[in-house]
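Please have the sequence and the three-dimensional model open side by side while reading. The paragraphs below are meant to be followed with the structure in view.

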Amino acid sequence: MYEIGGLIIIGVVAQWIAWRLRVPAILPLILAGILIGPGWEWYSGHRLVNPRFDSEAGTGLFPGNLLYSFVSLSIGLILFEGGLTLRLREIRGLADSIFRLTTYGAFTTTVVAGLAAHFVMGLNWQIAFLFSTLIVVTGPTVIAPIMRQINVKRQVATVLKWESIVIDPVGAFLAVLFYNFIVAYYDPAATVYEALIKFVQSGLVGIGLGFVMGHVLYFLISRLYIPKFLLNIFTLGAVVGAFLVSDAIAHESGLLTTVVMGAYLANREVPYLHDILDFKESLTLLLISLLFILLSANMTVDQITLVLTQESLAVFLIVVVVARPLGVFWSLRSSDLTWQDKAFISWVGPRGIVAAGVASLFGIELAKEGIVDAEYITPLVFLIVLGTVLLNATLAGLIARKLKVSLPKGSGVLIFGASGGARQLADSLQESGRDVTLITPNRAVADLAEEQNLTAVTVPIDSEELDSHVDMTDIGYILALTGSDEDNFYLLNTYRSREGIRGAYRLVTRKEIQSQRFAPDALFGHYASYLLFNRAARTYGEVNAVEITDPKQITTILAQLREAKAIPLYLRCAEYGDITFITADEAPLSVTAGDSLYYIGEPLAEDEEEALDALEASNA
């Protein structure tokens, strides 16, 4: 009782320390597990917590293989929660990159890391490639907090998030395949062909049963056959049941089943999905805390000393600076991502709970069978996990700034309304690296926006459940672009005081246009009412930009645009990527050479550009 209670308390404290220090929770969790396990054993001769039951001493938590069963089932629940965040609309234009990264990239990492483990550390071929399949995965439990801290461009964050969740079951399958090959290799009664058949069977069962169970759960929830007070625990039971059935049909297929099940629900209109996700996030935090502490506490002093060598460090460096970058740049060679984006993705590759959990299982099982070098599996994988997390937690922000893939805090834009003008503005902001979400009650208009690869949420603009549909964590700007002045004022009054909001703006009203007196939150221009804003969008059809070569040009350019009835939208800073929306009250703008002004209107004619150049020359 005291051990279980102590683990929960230590896990909560470690999570709190991670929050205070702004590091992924995996770091204090692993260190806490090593401290109460092998660390305390080295110091005093016994462990504070022994995860596996010791029959001679009569102490321990999990007898037999129950520790593995607990780890496997917990990982399944964690991956289900990750699947609930996989919304297909996020990856429009990025699906090919994610597919290549989780196939070609995983293959490259497997080959390079396997060769390094064999030739540098001298591990036999079977163990070397089992190790390389285990460290293919990048953990969503550590990717997510890193992305929240450094706030990178939407495309980069989406690729990393999807890769981390999709690659987990893929990596687990690869590891299971190699594990079965090793068992077949050393067992005269088994065949490699049987191992391959089991691998294919696991994949088919995992995908098929995941879709079936996801649809069944969606049907029950959407038809309100489950009361709301039972919804969370019923969903938990359904996920556990799906995992067990899948694993009973095909060994190690349960992980894929839970991911597919979660992703299916994430892409359907499921009532109370936000409540389910909140519950699963809390449960996942608890499970992650327990798992990392248990698995690190389960290691021995001898295992840790095995990898405290120059050869192990060399393998770690090869994985980080050779295998990962080579896999990323090869798999993403034909994508639209910039080389800076690819370089940052190459750097961010922290391993997580799946690698640690499966490695602990296989290391124990193979060591019991007397397989040569099997004792290296668990500590070597933990070295990769701890090292990659430590590197990314400390240096990812600096690397993102150096590569210019990070954005200022609160850079997301929430636009109420999805008219033609709003969609053109959203598309331009998205191309500038902003995470933009359109809110509209009109499903048909939302479909038009999604056809343009924009994120659109169909919900009444006065809905009190907006937070359950939209992640407001990094929203910095609120734009009210609806056709109703009353609604626009209501939206600004509702959201402008929320924490993290850097600016809240609306379209000008008819009264303001008539009186030519504009509030500081009125957007774009003296005449940019809803009708004229969208008329300009239909007339010109695109957003253009002009680069400011001299800060004194800005007044002249704005005057020319307003004379041509164009709509000036926002100013983008060349150095930091920050944006400033153009307001109708002609507030002074902070402009530096190289900044760009975006507007709806015709491109400036050559003679107008020449006039601007002449103005710059005269000012000089």
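What follows goes through helix packing, a sheet with its helices, one glycine, and a further group of strands.

The model is a predicted one, in which local features need pLDDT of at least 70 and side-chain atom pairs count only at pLDDT 80 or more, while totals for chains, interfaces and linings use all residues. Residues are numbered from 1 along each chain as its sequence is written, and side-chain values use heavy atoms, with hydrogens and water left out.

Two packed helices are described by the angle between their axes and the distance between the axes. Helices here are DSSP runs of H or I with at least four residues, strands are runs of E with at least two, and both are numbered from the N terminus. Axes are lines fitted to C-alpha atoms, for helices over the stretch in contact, and angles run from 0 to 180 degrees between N-to-C directions. Helix α1 (residues 2–21) and helix α2 (residues 26–44) cross at roughly 140 degrees, and their axes come within 9 Å. This makes α1 oblique to α2, where angles under 35 degrees count as roughly parallel, over 145 as roughly antiparallel, 65 to 115 as roughly perpendicular and the rest as oblique. From α1, the contact (heavy atoms within 4.5 Å) is made by Leu 7, Ile 10, Gly 11, Ala 14, Gln 15 and Ala 18, and from α2 by Pro 28, Leu 29, Ala 32 and Ile 36.

Helix α3 (residues 66–83) and helix α15 (residues 353–368) pack with axes 10 Å apart at an angle of about 160 degrees, which makes α3 roughly antiparallel to α15. Here Tyr 68, Val 71, Ile 75 and Ile 78 of α3 meet Ile 353, Val 354, Gly 357 and Leu 361 of α15.

Further along the chain there is an open sheet of 5 strands, paired in parallel and in the order β3-β2-β1-β4-β5; two strands pair if DSSP finds at least two bridges between them. Because β3 (455–458) and β5 (503–506) are at the edges and each have a single partner strand, one side of each is left without a neighbour in the sheet. From one strand to the next the twist averages 20 degrees. Within this sheet, β1 (residues 412–416) and β4 (residues 475–480) pair in the parallel sense over 5 bridges, and Leu 414 stands opposite Ile 478 in β4. Helix α17 (residues 420–431) lies across β1, β2 (436–440), β3 and β4, and runs at about 160 degrees to β2. Helix α18 (residues 443–451) also packs on the sheet, touching β2 and β3, with its direction at about 165 degrees to that of β3.

Gly 421 has its place in helix α17, and with 0% relative accessibility it counts as buried, a term that means under 20% relative accessible area, with exposed over 50% and partly exposed in between (1.4 Å probe, protein chains only). Leaving aside neighbours within four places in sequence, Gly 421 is in contact with Phe 533, Asn 534 and Ala 537.

Strand β7 (residues 567–572) has 5 of its 6 residues buried, so it is largely enclosed by the rest of the structure. β7 runs antiparallel to strand β9 (residues 596–600), to which 5 bridges join it, and it pairs in the antiparallel sense with strand β8 (residues 579–581) over 3 bridges. Arg 572 has Ser 596 as its bridge partner in β9, and Arg 572 also stands opposite Ile 579 in β8.
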